[in-house]
Amino acid sequence: FKIQHGDKLTLASIWEEMGWSISLGYILHFIGGGVLAYAIALYDWQGIVIFFLPVFLSSFAFQLYVSRVQAYVDNLENLVAERTQELSKSHDELQQLHLAKNSFLSVLTHDMKSPLTNIGLYTEMIRMRPDLLQKKPQYLDHIAESQQTLTQLVNDILDLEKLEAGHEMTLNKEAFDLREMLAIIADQQIQRAEEKQISLTFQADDVPMRIRADQFQLKRVFTNLITNGIKYTP
């Protein structure tokens with residue numbers, strides 16, 4: 001009552017709210033006392049047993065009922081706790097997937113800068129000096145390579161969708177000359193290195209270095225290493 005009514009608690013408010021139960025309690029006490037006195041007069045001490053036995057049985061049954069209800073409530077609480085834990089775990093997994101996705105998109109964005117920069121550099125050089133194509137026709141090959149790289153990056157974004165859908169991403173393994181691939185990457189980055197007055201050279205034997213791997217993924221790795229080296233070297 002004190003919690004419900006606060007400082008406004010008075011005897012009048014208690015009687016107004018609980019008067020019916022108080023009156024009913026007195027009536028039941030009078031009836032119960034009369035029945036108990038009648039039972040004692042007729043059956044002596046057995047009358048007390050006869051009178052209180054239903055009360056004890058009812059109390060015991062009610063206690064069993066309360067214990068079962070409590071067990072049911074405890075079971076519900078355990079189920080709620082388990083579901084909450086599962087939801088929390090699912091939320092953590094989704095958050096980790098979201099972070100992985102953001103990281104992957106960040107890498108793709110970084111990868112896109114290199115081929116876009118290459119296309120811009122070679123296009124500008126050809127535009128300023130068209131005669132360069134006669135001396136270095138490989139510039140067109142570099143532009144085509146960069147365009148293919150961008151196409152593959154777009155395909156990587158599609159691969160990301162496959163990963164989110166639960167599919168595995170397979171590597172496209174093929175036989176190729178690693179030495180030739182590295183020479184092309186170095187040649188593509190020379191112009192960028194020269195702009196920062198950095199010397200970039202590629203030295204290797206003329207013997208082909210044949211390997212079987214995912215050429216595009218390796219190209220991404222070496223391109224990132226070289227571009228980062230140029231970018232963060234004073």
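## Helix α6 and its partner α7

In this predicted model, K219 touches E145, M181 and I185, leaving aside residues up to four places away in sequence.

**Exercise 1.** Determine in which helix K219 lies, and whether K219 is buried or exposed.

*Solution.* Begin with the location: K219 belongs to helix α7, which comprises residues 215–232. Next take the relative accessible area of K219, which is 18%. Because the cut-off for a buried residue is under 20%, K219 counts as buried.

**Exercise 2.** Check whether the span of helix α6 agrees or disagrees with the value expected at 1.5 Å a residue, and find where α6 bends.

*Solution.* Helix α6 runs over residues 178–195 and so has 18 residues. The expected span is 1.5 Å times one less than that number of residues, which gives 26 Å for α6. The end C-alpha atoms of α6 are 27 Å apart, in agreement with the expected value. Following the helix along its course, one finds a bend of about 40 degrees at Q189, a residue that is also among the buried ones of α6.

**Exercise 3.** Describe what is found at the two ends of α6.

*Solution.* At the N-terminal end, D177 acts as the cap, with a side-chain oxygen 3.1 Å from the backbone nitrogen of R179. Just after the helix, Q197 adopts a positive phi of about 60 degrees.

**Exercise 4.** Characterise the packing of α6 against α7.

*Solution.* First, the axes of the two helices lie 10 Å apart and form an angle of about 30 degrees. Second, the crossing of α6 past α7 is right-handed. Third, the residues of α6 that meet α7 include M181, I185 and Q189, while the α7 side includes K219, F222 and I226.

Technical notes
Residues are numbered from 1 along each chain as its sequence is written. This is a predicted model: local features need pLDDT of at least 70, side-chain atom pairs count only at pLDDT 80 or more; totals for chains, interfaces and linings use all residues. Side-chain values use heavy atoms; hydrogens and water are left out. Helices (H or I, at least four residues) and strands (E, at least two) are DSSP runs, numbered from the N terminus. The bend at a residue is the angle between axes fitted to the seven residues ending there and the seven starting there. Buried means under 20% relative accessible area, exposed over 50%, partly exposed in between (1.4 Å probe, protein chains only). A polar contact is a pair of N or O atoms within 3.5 Å; within protein, one must be able to donate a hydrogen and the other to accept it, and residues adjacent in sequence count only if both atoms are side-chain atoms. Contact means heavy atoms within 4.5 Å. Axes are lines fitted to C-alpha atoms, for helices over the stretch in contact, and angles run from 0 to 180 degrees between N-to-C directions. A crossing is left-handed if the near helix is turned anticlockwise from the far one by less than a right angle, and right-handed if clockwise.
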